[in-house]
Amino acid sequence: MRFLSLLHLAENEKTAMNCKVQNFDEQILIYLNNAINLSKSLKSRGYSFTLLTNNRELLENIISDNDKEKIEIIEIDFTSNIPKGVSFYSAHYKLDALRYISTLDDKYCFFCDLDMVCINYLPESAINIIDANIPMYYDISDQVIPVYSEKTIIEDISKVNKLHSEGRWSGGEFLSGPPSFFKELCTKCDEVFVNYTDNINRLHHVGDEAFVSSALEILRRNGIYISDAGTLNIIGRFWSTNVLHIQKNFSFYENHFLLHLPADKHFLSEYSDFDHKKNSNDFIFRYKKYLFKINIINNIKKVVKIFIRK
């Protein structure tokens, strides 16, 4: 069983996601530190981690000698034809990462985003799913539908996979399964990718989520069972910013295996030297203190908006 993530570097493209940076060098450092933090948190619980990239030498020149032993970096081929200038440019190359995973000899693989942290051991539900070789994804329909509407989600997926879609949207931060599943997924992603690029300016979201969600629906309709990891405490996405969907209190996510913090890349970057093995509970304690300060700032912003509207 192996965990993998992607760090694709493209200096002249729009690649930063939910992260304000001054320049490309800062962006690389933040994302790389996120990867180191994720790797350490996984390894503290006995799970192996591999970072996939298009420039291994550059990353290894940045990493300190102490961290070189804590993260495995592999350079892979990227052959997908991604439109230049598109938002979230590098995220599209997840397709090449998925294709690489489909060639591995590992029995079961996890592919996840870098701005995540492992905070618990795999729950029994996940262990049973892995033993049965069942693939998993993260259904975030309840997060996107309240914001963009059910009609929009259905129409967008239908434009890509040419089906009368059920409107189930997959989060791009998590996929898992045996390599054979990733091979089938890549095949369907390739089939719908032209439709995706043809409609790219008419979709509510630009990035891998659109064509992966479309491909996953085709696989499900073809009879492949794919479990939702989000309902089993395997992964949880938590936003420290003001959101438009109904979000559970952070305490709900404390028992999850993987915690995704898309708005907190800077916070996660500061923990690249954190010893998760010795301080397994301390990370949550520190994040709560950070979240308390952020909530005060968010509440002030809400009040200011109210007064501006008046």
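In this predicted model, Arg168 is partly exposed, with a relative accessible area of 34%, and the side chain of this arginine meets that of Asp139 in a salt bridge with an N to O distance of 3.0 Å. Arg168 lies in the loop between helix 7 (150-161) and strand 7 (170-177), whereas Asp139 belongs to strand 6 (residues 136-139), so the pair ties together parts that are 29 residues apart in sequence. Asp139, for its part, is buried, because its relative accessible area of 12% falls under the 20% limit set for that class.

A second salt bridge involves the loop between helix 7 and strand 7, where Glu166 is placed. The side chains of Glu166 and Arg220 meet with an N to O distance of 2.7 Å, and the pair links distant parts of the chain, since Arg220 is located in helix 9 (residues 208-221) and is 54 residues apart from Glu166. Glu166 counts as partly exposed, at 40% relative accessibility. Taken together, Asp139, Glu166, Arg168 and Arg220 are linked in a network of salt bridges.

A search of the whole structure finds 18 salt bridges, and one of a more local kind in sequence is formed within helix 2 (residues 56-62), where Arg56 and Glu60 are four residues apart and are therefore separated by about one helical turn. The closest N and O atoms of Arg56 and Glu60 are 2.9 Å apart. Both side chains belong to partly exposed residues, with relative accessible areas of 36% for Arg56 and 28% for Glu60.

Helix 2 also contains Ile62, which is partly exposed with a relative accessible area of 36%. When residues up to four places away in sequence are not counted, Ile62 touches Ile28, Leu29 and Leu32. The C-alpha atoms of Ile62 and Ile153 are separated by 40 Å, the two residues being 91 residues apart along the chain.

The packing of helices was examined next. Two packed helices are described by the angle between their axes and the distance between the axes. The axes of helix 7 and helix 8 (residues 179-198) come within 7 Å and cross at roughly 120 degrees, and the two helices are therefore oblique to each other. Lys159, Val160 and Asn161 of helix 7 make the contact with Val192, Asn195 and Tyr196 of helix 8.

Two further residues of helix 8 illustrate its surroundings. Phe181 lies in this helix and is buried, with a relative accessible area of 2%. Leaving aside neighbours within four places in sequence, Phe181 is in contact with Pro135, Ser176, Leu216, Leu219 and Ile226. The C-alpha atoms of Phe181 and Asn133 are separated by 9.2 Å, although the two residues are 48 residues apart along the chain. Lys188 is likewise placed in helix 8 and, at 17% relative accessibility, counts as buried. Under the exclusion of residues up to four places away in sequence, Lys188 touches Ala215, Ile218, Leu219 and Asn222. Leu219 is thus a contact of Phe181 and also of Lys188.

The backbone was also considered. Most residues other than glycine have a negative phi, and most peptide bonds are trans. Phe88, by contrast, has a positive phi near 55 degrees. Phe88 is found in the loop between strand 3 (72-75) and helix 4 (94-101) and is partly exposed, with a relative accessible area of 26%. Asn233 likewise has a positive phi, of about 60 degrees, although it is not a glycine. Asn233 is found in the loop between strand 8 (227-228) and strand 9 (235-237), and at 30% relative accessibility this asparagine counts as partly exposed.

On the surface, finally, a nonpolar patch of about 520 Å² is made by Phe292, Ile296, Ile300, Val304 and Ile308. One of these patch residues, Ile300, is located in helix 11 (residues 282-309).

Notes: Residues are numbered from 1 along each chain as its sequence is written. This is a predicted model: local features need pLDDT of at least 70, side-chain atom pairs count only at pLDDT 80 or more; totals for chains, interfaces and linings use all residues. Side-chain values use heavy atoms; hydrogens and water are left out. Patches are made of residues with over 30% relative accessible area and no salt bridge: like charges are joined within 9 Å, nonpolar side chains (Val, Leu, Ile, Met, Phe, Trp, Tyr) within 5 Å. Accessible areas come from the Shrake-Rupley method with a 1.4 Å probe; for residues, only the protein chains shown count as cover. A salt bridge is a side-chain nitrogen of Lys or Arg within 4 Å of a carboxyl oxygen of Asp or Glu. Buried means under 20% relative accessible area, exposed over 50%, partly exposed in between (1.4 Å probe, protein chains only). Axes are lines fitted to C-alpha atoms, for helices over the stretch in contact, and angles run from 0 to 180 degrees between N-to-C directions. Angles under 35 degrees count as roughly parallel, over 145 as roughly antiparallel, 65 to 115 as roughly perpendicular and the rest as oblique. Contact means heavy atoms within 4.5 Å.
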